[in-house]
Amino acid sequence: MEKMKAGIIGCGNISAIYLENLKTNPYIEVVAVADLIRERAQERADEFNIANVYNVDELLQNDEIELVLNLTIPGSHAMTDLAALEAGKHVYAEKPLAISLEDGRKVVELAEEKGLYVGSAPDTFLGSGIQTARKAIEEGLIGKPIAATSFFMGGGPEAWHPDPEFFYMAGGGPMFDMGPYYLTALVTLLGPIRRISASAGIQIADRKVGSGPKEGTTLRVETPTHLAGTIDFADGAIVTMITSFDIRGASDLPRIEIYGTEGTLSVPDPNFFNGEVKLRRYGQDTWETVQPAFESGHNERGIGLTEMVESIRAGREHKASGKLAYHVLEAMHAFQRSSLEGKHIHLESTYDSVVTTNASPSENETVESH
């Protein structure tokens, strides 16, 4: 199969891992990079032996390029996606799909109108961690899922990130930064979301850059830094979720736990592709380790892009899709809307999950004592 030629727009920190993982990809060949700062694009091109360094318009006008990998800042995701689609190219972007629901909807609708594919990170849910948990649920190891908890508890990125301003602007905060990983995992495991009720606030407004050339600079916080809510899923599960940049001590709360009629499933950090899944059955006092459905590396960023290209060639629906990303985007907005409006927010979108478990069929339950 001939490789699909791709161009990358946005050559910041995250572009390196994508380029590293795509170097030997059997389906995709990166032939060009572009960035608003041309020197930054040139550095990536030199580092990874990319032949062409373009400005954004040049890349979009190149007929050889069929696919755009959009690694711009969150505020530019929708604008860049729309430009790529208008140029007749498939596009895959970093999370979130967009900042506003209106822009997210435009991206999904334009892709459908033009018969093009649009995909979005995160793709960590395609790794062995979340897929092993999904397989365990599908096999009935915890019975019917009835509830879950989901916690991202941190002190904010300003202590280590050299340029953290955008984390505290609209479209940032713990929900838009880390929420996509957790909500995408929950939708994968429990199905579409029906409604959300939440509280959100800026609990610590005094922030300073902790490293790099901007060290000591005061940050202006413009978006909620602590969001706590309840998610009702269409199939009946009730989930308690907190995302926070205001936890300056430590927290021992689990990343994700799924509670079923016959047991509990401990799910690994959805920010990574792998990790142990633990099972505790009803009536037992010990945890078991669930055998991985397949093996994943620690950072396989880009597998969603690869699967999208495979799906384009096969003419089927892909998994890390714009529709999934839009459902997650609406859920993130619902947390803030619920807090502002003081009521449940019913989601208008839904999502029918594409089967994603890549494991070979097994005759026996695959757990081992721990």
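The exercises below, each with a worked solution, deal with salt bridges in a predicted model.

**Exercise 1.** Find the salt-bridge partner of Arg 40, and decide for each of the two residues whether the side chain belongs to a buried or a partly exposed position.

*Solution.* The partner is Asp 35, and the closest N and O atoms of the pair are 3.1 Å apart. Next, Arg 40 has a relative accessibility of 35%, so this residue counts as partly exposed. Asp 35, with a relative accessible area of 9%, is buried, because buried means under 20%.

**Exercise 2.** Determine which elements are linked by the salt bridge between Lys 323 and Glu 112.

*Solution.* Begin with the contact itself, in which the side chains of Lys 323 and Glu 112 meet at 3.8 Å, N to O. Lys 323 belongs to helix 9 (residues 322-341), while Glu 112 belongs to helix 5 (residues 101-114), and the pair, 211 residues apart, links distant parts of the chain. Finally, Lys 323 is partly exposed, with a relative accessible area of 43%.

**Exercise 3.** Explain why the salt bridge of Lys 214 with Glu 165 ties together separate parts of the sequence.

*Solution.* The closest N and O atoms of Lys 214 and Glu 165 are 3.4 Å apart. Lys 214 lies in the loop between strand 9 (207-208) and strand 10 (218-219), and Glu 165 in the loop between strand 7 (145-153) and helix 7 (173-190), so the pair ties together parts that are 49 residues apart in sequence. Lys 214 is partly exposed at 31% relative accessibility, and Glu 165 is partly exposed as well, at 24%.

Key
Residues are numbered from 1 along each chain as its sequence is written. This is a predicted model: local features need pLDDT of at least 70, side-chain atom pairs count only at pLDDT 80 or more; totals for chains, interfaces and linings use all residues. Side-chain values use heavy atoms; hydrogens and water are left out. A salt bridge is a side-chain nitrogen of Lys or Arg within 4 Å of a carboxyl oxygen of Asp or Glu. Buried means under 20% relative accessible area, exposed over 50%, partly exposed in between (1.4 Å probe, protein chains only). Helices (H or I, at least four residues) and strands (E, at least two) are DSSP runs, numbered from the N terminus.
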